[in-house]
Amino acid sequence: MVKKWGILGLALLISIYAIYLQIENKELEQRLEIISGSNLFLLSNSYDELEETINSDKQNAEIISDVNIILKTIRHHSSTIDTALGRDELKTIFYKFNEIFSHPAKIYTSVDNTKTKELIEITDLIQELNNSITSTYYKKDYPGDGKAELYIKDFGKMDAYIERLTNYTKEFTQKK
């Protein structure tokens, strides 16, 4: 009789522990979703800020200084999201933009305050990135502004974007 209750007690303890682990896993998943969602929102805002800054009427030196600050923020948010999801897409994109902005003379060469071809292309790339982030990292058909997706199955848009950005970066850095 003692063995019977001992085995039943052990089975009950294991069952309780399994339920506890499921609850804890769900709580951790919710925290991760909140962290990812917050950082996705801040990342998109940072790219919007980058776009506004590079198209502003400020002097080139001030734009370059502001861009470097924004890029640090982008790096932080990209790294946080990629770490949470176990991916590297956003950090890869950051490094490509960092490479582009390490050549400011190639972006701001206009003397009559007209936008250079490069500035227009970079602006288009940033807008396309924000669209790709929204369609890849957010749950579809979720009410409101969206909710971060933890189990992303299709990184096709991000992969295509990275390829396009890689090609652009290669062409851009080879220009004289």
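Analyst: A cavity is a set of grid points where a 1.4 Å probe fits but cannot get out. Keep that in mind as we walk through this predicted model. The largest cavity here has a volume of about 40 Å³.

User: How many cavities of 30 Å³ or more does a search of the whole structure find?

Analyst: Just one turns up at 30 Å³ or more.

User: And which residues line the largest cavity?

Analyst: Look for I54, I63, I64, V67, F101, P104, I107 and Y108 around the largest cavity. Two elements, helix 2 and helix 4, each give two or more residues to this lining. Helix 2 gives the most, with three.

User: What classes of residue make up the lining of the largest cavity?

Analyst: Eight lining residues are nonpolar, and there are no polar and no charged ones.

User: How far should I trust each part? What does the chain average in pLDDT?

Analyst: Think of pLDDT as the predictor's confidence in each residue, from 0 to 100. The chain averages 85, and 89% of the residues score at least 70. Among the elements, helix 3 has the highest mean pLDDT, at 96, while helix 4 (residues 104-107) has the lowest, at 79. Helix 4 is also one of the elements giving two or more residues to the cavity lining.

User: Now the core. Which residues in the largest nonpolar core touch the most other members?

Analyst: Out of 38 core residues, those are I93, F97 and Y137. The elements giving two or more residues to this core are helix 1, helix 2 (60-85), helix 3 (89-101), helix 5 (117-137) and helix 6 (156-174).

User: Let's zoom in on F97. What does F97 touch, leaving out residues up to four places away in sequence?

Analyst: With those neighbours left out, F97 touches Y47, L71, I122, L125, I126, L129, Y161 and L165.

User: How do I read burial? Is E51 buried or exposed?

Analyst: E51 counts as buried because its relative accessible area is 16%, and the cut-off for buried is under 20%. You'll find E51 in helix 1 (residues 2-54). Not counting residues up to four places away in sequence, E51 touches T123, I126 and Q127. I126 is also among the residues that F97 touches.

User: And I69, buried or exposed?

Analyst: I69 is exposed because its relative accessible area is 52%, and exposed means over 50%. I69 sits in helix 2.

User: How far apart are I69 and L50 in sequence and in space?

Analyst: I69 and L50 are 19 residues apart in sequence, and their C-alpha atoms lie 9.6 Å apart in space.

Key. Residues numbered from 1 in each chain as written. Predicted model: local features only at pLDDT ≥ 70, side-chain atom pairs only at ≥ 80, totals over all residues. Heavy atoms only, no water. Helix = DSSP H or I, 4+ residues; strand = E, 2+ residues; numbered from the N terminus. Buried < 20%, exposed > 50% of the residue type's maximum accessible area, 1.4 Å probe, protein only. Contact = heavy atoms within 4.5 Å. Core = buried A, V, L, I, M, F, W, Y, C linked by side-chain atoms within 4.5 Å. 1 Å grid on protein atoms, 1.4 Å probe; cavity = no way out; pocket = protein on both sides within 12 Å on 5 of 7 lines; lining within 4 Å. Points joined across faces, edges and corners; volume = space filled by probe spheres on them. Nonpolar A, V, L, I, M, F, W, Y, C, P; charged D, E, K, R; others polar.
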